[in-house]
Amino acid sequence: MLIPSIDVLDDTQQKLQTSLSYIGSVLLKNCTVENAKDSIRTTESTLYWVYCNSSEEAIQLWDVGVWKVVFDAEVYYALRHELEAIPQERIAVSISLQHPLLEELLSTPTGISTFIIQTTRAHAMDPSLGSYANTFSKTLLPHGGVRRIVLECEDANALTLDDITHYNTSAMDVMVPASHLTVDPSVQDKLNIGQAFLSNAVTDRPDGLYATIVVDERNTALGLVYSSQESVSESIRTGQGVYQSRKHGLWYKGATSGATQTLIRIDYDCDGDALRFIVKQHGTGFCHLNTRTCYGDATGLTSLQQTLQDRKVNAPKDSYTARLFNDASLLKSKIMEEAEELCDATEKEDVAWEAADLIYFALVKCVGANVSLQDIEKNLDKKARKVTRRPGHAKPKWTISAETPAETPAPASQDRIKMIKHNASDISIKERANLLLRPIIDSSEIINRVTPIMKDVRERGDAALKDLTAKFDRVHLNHVTIKAPFSPKDMQLDPLTKAAIDQAYSNIHAFHEAQMDRDTLVVETMPGVVCSRFARPIEKVGLYVPGGTAILPSTTLMLGIPAKVAGCSEIVIATPPRADGTVVPEVLYVAHKVGASHVVLAGGAQAVAAMAYGTETVPKVDKICGPGNQYVTAAKMAAQNDTSCLVAIDMPAGPSEVLVIADSTCKPSYVAADLLSQAEHGVDSQVVLVAVGMEESLLSEIEDCLHEQAMRLPRVSIVRESISKSYTFCVGTMEEALKFSNDYAPEHLILHMDNASRLLPSVQHAGSVFVGHYSPESMGDYASGTNHTLPTYGYSRMYSGVNTLTFVKHITSQELTAQGLYSLGDTVMRLAEIEGLEAHRHAVAVRVADLRSSSLRVFK
């Protein structure tokens, strides 16, 4: 094998550094640590060999990324005990053929991977040296690979290609100075680098071509080609992927398609009969089918990198992905969040899942900084070259003291919790429009996670539900449903709790019972034409109740009561189980009161899938209702869009939100409390205060109350984050306030002023309205009687909250007498004729013809 050497003090030789780095190891002479760093930085190769004279200098060289440090024999012999901990493949010894230590070191080579033998061409032909080399090379290194003898001939400028081939047959490599090498095919008195490189390669093909695998920087195979001495030499000369076409000669990859390649390195396998080109692939990819590889599209990290690079350029403005690239604080928050979740994960599947999340956001950071996976791997290679080890301590801010339990929270921040303030008179139309926007939700990643979960449940049913519940909730179920009648012992409640639920049930039932459309609508649109509309319950409904460790009987009431009032024949409730595989008794008690037939012990997308498709024990439903996180929402949307499962949903969902309109008659502590009651839902909650003609002193009092109350809340950390993104909008008149509210279309609208009910006729868009000083949003959440499952994200423009009619459908009918058909027939026939639907026209015409026959002249 050829080992080129470069004198770093010779500018002429330095010009070949990049070309020589393509073929692997290169020895640098007269090289300092700084020279080595510069060479590694310039060529991005970490395969350099460098001479040194001390262990201190050697460690510095290894740590900057030098692959092999070369010691003179006497220096190595003196340092050999200090170097025992260094991997053998990192050490080479330079020694003359006549040196007295040669035989000793060759016979006991432990600690040395390579000998550089100083000799002449003539002495290198000595059979005894070849015998030493053959014996030496058969002793494998501890971590794999062979030991090597490299000849450094005094008369190296006279070396020929035949010399290199001859030495190789005796298991010896040869060092050739860069001064005796060239990439110029017209130069005859020097060795061509490509030809010298291939002098040890072999091929059994009659045409002399070499089988060549082409891989990218991550060693992913792109395709299989052929190479020749000419193509390899041309590739090294140009720094591009150049191969040998069996039909058309030299093939400059991408010359016509634009999918060019930047050469990184060329090597061959252990037998020397197959080449490997490592390249950076540009354009659409290697394959003529416009895929990255001849074996299909990229997967895994390579595919993710391509996706993120595309999204960096093409993501819609204000989309979630665009925000990740443009909002450093948001990206940092996501990286820290995912890092914490990875640290907390314990099961194999969870660790893999959380690691994938962290890698995703870390790669967003990298792509945003124009850092590629290849750049990362180059740095990993450099780190792997280091022999100095870290002490193994975390930075102080991340250190968990042995005396301080890991669970001890950091002291809560005492910084003031406050909302952003905007004045209607100071902002532009565009700025006002931006205040109406909610955060853009990029659902593509969530859909990609939800889809395989739903497919698994659809295909494996109960078995999938058990596996997924074990994976996500860490609960191992014996059965996935509880069937009615439910055991009384599982519904035992203290008297106060039971009374509270019963009172809420009574109020909610009364309000939803009044909504039921029980009468048939009958209209005679013209004589003899009677139209009617009547309600029928949706037969089977699925109700999703978030939970697990949480206790949410209120959501069960809000969904179950209107379903019962509507007369649904089967009510299926899904809720995540507790750690012991049971359901909280409050939820089970409500399930009993509303007449549920099953309680499914599952949450998330898997619960939605079970109700949408049905399993061995979970009935398939016709409509799914209920709130949930982004995965539940994505699963509901996916189920509704899958025509094969024929299921409807109640409405899209987003983060919870409230808009409060308050004027000078409001009570500041009430306003602050109402803002916080929504802010504590989550960090993405939307909280807006519209202050009408309010003095600065009153606004300051509201801000003081908000901070003081927030600091007393158990969920203050969540409130702090959501409130910091919320705002107060100051307007001059109530008309302005109502116009802004209708434009915003909030989930919850609270009217904080005297005689607030007078404003209701002006409310056009809201999920639910809370009128006056004594109507906090919490009342509607639990027990006033209205429903708390409401449209968010501005969907109150076109959606209602869950109500009794959510669980019914309306059927229309029409009945025509002979007179009615006779009177309306010509109208219908003409319209059908205009639309070109002859069968429609004929269905009327055949009857009209009978009516106009002689036997039925009564209508003439």
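A residue counts as buried when its relative accessible area is under 20%. By that cut-off, eight of the 10 residues of helix H22 (residues 585–594) are buried, and the helix is mostly covered. The model described here is a predicted one.

**Two covered helices**

The buried residues of H22 are Pro-585, Glu-586, Val-587, Leu-588, Tyr-589, Val-590, Ala-591 and Val-594. Their cover includes two helices, H20 (495–515) and H21 (553–566), and two strands, S22 (570–575) and S23 (598–601). After H22 comes Gly-595, which has a positive phi, near 80°.

Helix H23 (residues 604–613) has 10 of its 10 residues buried, so the rest of the structure largely encloses this helix. The buried residues are Gly-604, Ala-605, Gln-606, Ala-607, Val-608, Ala-609, Ala-610, Met-611, Ala-612 and Tyr-613. The elements that cover them include helices H18 (444–460), H19 (462–472) and H24 (630–641), along with strands S21 (540–544), S22 and S24 (623–625). Gly-614 follows H23, and its phi is positive, near 85°.

**Nonpolar cores**

In soluble globular proteins, nonpolar side chains tend to be buried together. In this model, the largest nonpolar core has 75 residues, and Phe-71, Phe-115 and Leu-151 have the most contacts inside it. Helix H10 (residues 193–198) gives the most to this core, with four residues. A second core, separate from it, has 71 residues, including Leu-465, Val-475, Met-491 and Val-545.

Which residues does Leu-151 touch, not counting those up to four places away in sequence? They are Ile-117, Thr-119, Ala-124, Leu-129, Tyr-167, Met-172, Asp-173, Val-174 and Met-175.

**Salt bridges**

Side chains of opposite charge can pair when their charged atoms come close. A search of the whole structure finds 32 salt bridges. Three of the pairs are set out below, each with the distance between nitrogen and oxygen.

| Acidic residue | Basic residue | N to O distance |
|---|---|---|
| Glu-377 | Arg-218 | 3.0 Å |
| Glu-234 | Arg-237 | 2.7 Å |
| Asp-490 | Lys-489 | 3.4 Å |

The pair of Glu-377 and Arg-218 links distant parts of the chain, with the two positions 159 residues apart in sequence numbering. Glu-377 lies in helix H16 (residues 373–385), while Arg-218 is in the loop between strand S11 (210–215) and strand S12 (221–227). Glu-377 has a relative accessible area of 24%, so it is partly exposed. Arg-218 is also at 24% and counts as partly exposed.

The pair of Glu-234 and Arg-237 sits within one helix, H11 (residues 229–238). The two residues are three apart in H11, so about one helical turn separates them. Is Glu-234 buried or exposed? Glu-234 counts as buried because its relative accessibility is 13%, whereas Arg-237 is partly exposed, with a relative accessible area of 41%.

In the third pair of the table, Asp-490 has a relative accessibility of 34% and counts as partly exposed. Its partner Lys-489 is at 59% and therefore counts as exposed.

Salt bridges can also be joined into a network, as in the set that links Arg-265, Asp-267 and Arg-276.

Methods. Residues are numbered from 1 along each chain as its sequence is written. This is a predicted model: local features need pLDDT of at least 70, side-chain atom pairs count only at pLDDT 80 or more; totals for chains, interfaces and linings use all residues. Side-chain values use heavy atoms; hydrogens and water are left out. A nonpolar core is a set of buried Ala, Val, Leu, Ile, Met, Phe, Trp, Tyr and Cys residues joined through side-chain atoms within 4.5 Å. Buried means under 20% relative accessible area, exposed over 50%, partly exposed in between (1.4 Å probe, protein chains only). Contact means heavy atoms within 4.5 Å. A salt bridge is a side-chain nitrogen of Lys or Arg within 4 Å of a carboxyl oxygen of Asp or Glu.
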